[in-house]
Amino acid sequence: MFARLGAIVVHNPWKVIGLWLLIIVAVVASAPQLTSTTDQSEFLPSHYESIQAMELQQKAFPQQQSPAALLVFVRSDGAPLSAGDSASVQTIASKLSDARIKDVTSIQAVPASENRLVQIAAVQMTKVTNAGDTTQSDAVKKLRDALREQVRDTDLKAGVTGPAAQMLDQTESGQKGMAIIGIATVVLILLLLLVIFRSPVIALLPVIVIGAISSTVGGLIAMVSKAFDLKVDSSVNSILLVVLFGVGTDYILFLMFRYRERLRAGEDPKTAMVSAVTKVGEAITSAAGAVIIAFMALTLSTLGMFRALGPALAIAVAVALVAGLTLVPAVVSLLGTKVFWPSKAWRQEPKGARFGAIGAAMGRRPGAFAAVSGGLLIALGMLAFGFHPTFDLSSGSTSDSSESTVYSKELLKGMPAGATQPSEVLLRATDGKRLDGDQLADYRAVLAAVPGVNQVGAPTVSSDGSAADFQVTLTGAPESDAALDTVRDPLRSAAHSAAPAGTTAVVGGISSVYVDFQDAMVHDYKIVFPVAAILIMIVLALLLRSLVAPWYLMASVFLGFAATLGAAVLVFQHFQGNSGLIFTLPVIMYLFVVALGTDYNILMVARLREEARAGNEPKQAAALAVRHTGPTVAAAGVILAGTFASMMLAGNNVLSQMGFAISVGIAIAAFVMAMFFTPAATALIGHRAWWPGHGDRDSTGGSDDTKSHGSRGGQYTDGYSTPQRDGDEQASVGGSTWGSNTGWRR
């Protein structure tokens, strides 16, 4: 199949390029706009209590809204506010309200805090109707400009915080981060490919090709999101960019390594490209299949953010794969050997001393390599038990210098941390009667006595008297562990048990949403992880025709996952002193480390199997696999890890943690799992690794122990000399070596 595909593409390059152009234009022209959201409640199913509370509030109190923003006033010298200062706050709030700023419906100042260090004004705004609605963000910008003018000649300083302001700062931080990530990713790919191939043509190839297809990927994701009503998280765009460039460059890299190998074997450029597609096709298609399966397993999640993330990333990988097997070969077939210009290194076969030495050492002592690499994974994995999730996305996704973050901290000087986003307890009559005033007073007293509750506002009763809304201010910040613990047990328990006869109660608000998120994540861990692992094992079993190899390959991947999480805990919780890691990190890490770790394992084991089929004993086959595929895996690992590491430059803690964890996970997958643990374990297990398919037998059916070790290049010594490659139709995916003085070459 891949031989036929390669022949069609190579002999019809202009038609293939033209077809791609038509597809790109058609998708871009017909695709809806891809919008994203940071409203975490949109990702939860309706059976969770926080969502039921939100729905009840919207039905019973359609006109009632929590403040969209807060104006926070403090004295410039940090002293308590005087009576004159408080009067100035009232005057400023009135002037801003009279200014009739677009989409600002009211501004109401409230008395200063008890210690008089802070005074606020609550701002109501036009309600946001969809994820792409920027009315509140635009209003915050105008409000900030007007507020600065009002406090300029006073002893006060003031800023805008609250949900709408945090949303604006998150969006601006995300846009800045996207620009940084995009530039860093492209520059990194260019530099690394220049080092590897010493050709500006090859360095620009993935940037141009992936840049061309990126609009198609975005269009397809938008179509799927609209068709299936998927809610896309705002962080998807950053992940999508690095996935597309990282994975796409990897696939192009595998193809170009094999293309160069076939040219060195004496084939003409077109034949070499057909051979490259033929040989590389099965391996990278299987690798991409494992990645796509892992991503699509997210559709089983109860959380809408993951159900949207899975198909989005799967689409990106699928398009990158198809482009790697069609568009790239078409372009390269037109360029021929000019693709390597001006370097001439592609004509010579380097000695491959470094990876040859590593492979030789592994062949002699596979047990030691397996023990050391496995021990490192286990040691780091032990730290994963200290993982603590945090839900502080508002501050984590913006810089510490953003106005919403600065004035959220100022607010804490005089008010409880929960004042920014209070919880809501909604009481609803189920017997058709109006709620009784005395009952409401008693119920409010019960809520106020709950540990962790700072104060409970007077109830707001619906127009028909059937529902009441109690605003509950917690002592802890809405996303803090203390707030979540308060909501999870004492507040929900008290709200439910103290509800008068004939009524029911639900607890809402952002803290309640996060509590339900925790429960949903636990559910997803139990469902998504095992399903993804089983499906990937099936792919491995089909590719390797073995029931043994998939087990220890997946075991190595799980060790890699645990080690990656442990490394993130070590850096962010222990070294940096953060309270925890973002709560979505384990799922995202699992997918990337498991899927991409399997990618590199597939490449290494595919080469190992080919060397075994060539007549080499298990230890010799492992040594040769490391020698020839090690450079390819190393180059791919550096590029992919580097592209994800660029997320750490975005300037916010959320993307920094994701970038660090994924890049470290990929580095572990490439340089520990695939390079050492997997080939060493395969060498130790020997022929049993291929049971029952006997994948280490050649096409004539003879096992490798019946063949002469020197049948393809002379007797093997302790140095494991290289089999001759000229005309070798069993050459492996991306076979390349490490030149002793020239870096990555082949």
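In the predicted model, Arg 262 is buried, with a relative accessibility of 2%. The side chain of Arg 262 forms a salt bridge with Glu 267, and the closest N and O atoms of this pair are 3.2 Å apart. Glu 267 likewise counts as buried, at a relative accessible area of 17%; the value lies under the 20% limit that defines the buried class. Both partners of this salt bridge recur in the surroundings of Ser 275: when neighbours within four places in sequence are set aside, Ser 275 is in contact with Arg 262 and Glu 267. Ser 275 belongs to helix 9, which spans residues 269-296, and is buried at 12% relative accessibility.

A further salt bridge involves Glu 261 and Arg 258, whose side chains meet at an N to O distance of 3.9 Å. The two residues are three positions apart within helix 8 (residues 236-264), a separation of about one turn of the helix. The distance of 3.9 Å falls within the 4 Å cut-off, and the pair therefore qualifies as a salt bridge. Arg 258 has a relative accessibility of 0% and counts as buried, and Glu 261 is also buried, with a relative accessible area of 2%.

Arg 492 and Asp 516 form another salt bridge, in which the closest N and O atoms are separated by 3.1 Å. This pair links distant parts of the chain, with Arg 492 in helix 17 (residues 481-497) and Asp 516 in helix 18 (residues 510-544), 24 residues apart. Arg 492 and Asp 516 are both buried. In general terms, side chains of opposite charge can pair when their charged atoms come close. Altogether, the structure holds 16 salt bridges. A network of salt bridges links Arg 144, Asp 145, Arg 148, Asp 169 and Glu 403.

Asp 469 is placed in strand 9, which comprises residues 467-474, and is buried at a relative accessible area of 2%. A polar contact of 3.0 Å joins the side chain of Asp 469 to that of Gln 57. Beyond residues up to four places away in sequence, Asp 469 touches Gln 57, Phe 61 and Gln 64, as well as Glu 424, Val 425, Leu 426, Ala 458, Pro 459 and Thr 460. The C-alpha atoms of Asp 469 and Ala 53 are 9.9 Å apart, although 416 residues separate the two along the chain. Ser 333, in helix 11, is buried as well, with a relative accessible area of 10%. Apart from residues up to four places away in sequence, Ser 333 touches Val 10, Pro 13 and Lys 270.

Over the whole protein, the secondary structure amounts to 22 helices and 13 strands. Of the 746 residues, 57% count as buried. Among contacts between residues at least 6 apart in sequence, 79% join residues at least 24 apart. The protein exposes about 28,800 Å², of which carbon and sulfur atoms supply 60%. A nonpolar surface patch of about 350 Å² is made by Ile 183, Val 187, Leu 191 and Leu 194. Within this patch, Val 187 is located in helix 6 and is partly exposed, at 41% relative accessibility.

Several backbone features were also identified. Most residues other than glycine have a negative phi, and most peptide bonds are trans. Positive phi values nevertheless occur at Asp 103, where phi is near 70°, and at Arg 198, where phi is about 60°. Asp 103 is situated in the loop between helix 4 (83-98) and strand 2 (104-109). Arg 198 lies in the loop between helix 6 (163-197) and helix 7 (200-227); with a relative accessible area of 42%, Arg 198 is partly exposed. The peptide bond from Trp 341 to Pro 342 is cis, with omega near 0°, and the bond from Trp 691 to Pro 692 is also cis, with omega near 0°. Pro 342 occurs in the loop between helix 11 (327-335) and helix 12 (353-364), whereas Pro 692 occupies the loop between helix 22 (653-685) and strand 12 (737-739).

Definitions and conventions. Residues numbered from 1 in each chain as written. Predicted model: local features only at pLDDT ≥ 70, side-chain atom pairs only at ≥ 80, totals over all residues. Heavy atoms only, no water. Helix = DSSP H or I, 4+ residues; strand = E, 2+ residues; numbered from the N terminus. Buried < 20%, exposed > 50% of the residue type's maximum accessible area, 1.4 Å probe, protein only. Patch = residues over 30% accessible without salt bridge, like charges linked within 9 Å, V, L, I, M, F, W, Y side chains within 5 Å. Areas by Shrake-Rupley, 256 points an atom, 1.4 Å probe, with all protein chains shown as cover. Contact = heavy atoms within 4.5 Å. Polar contact = N/O pair within 3.5 Å; in protein donor to acceptor, adjacent residues only side chain to side chain.
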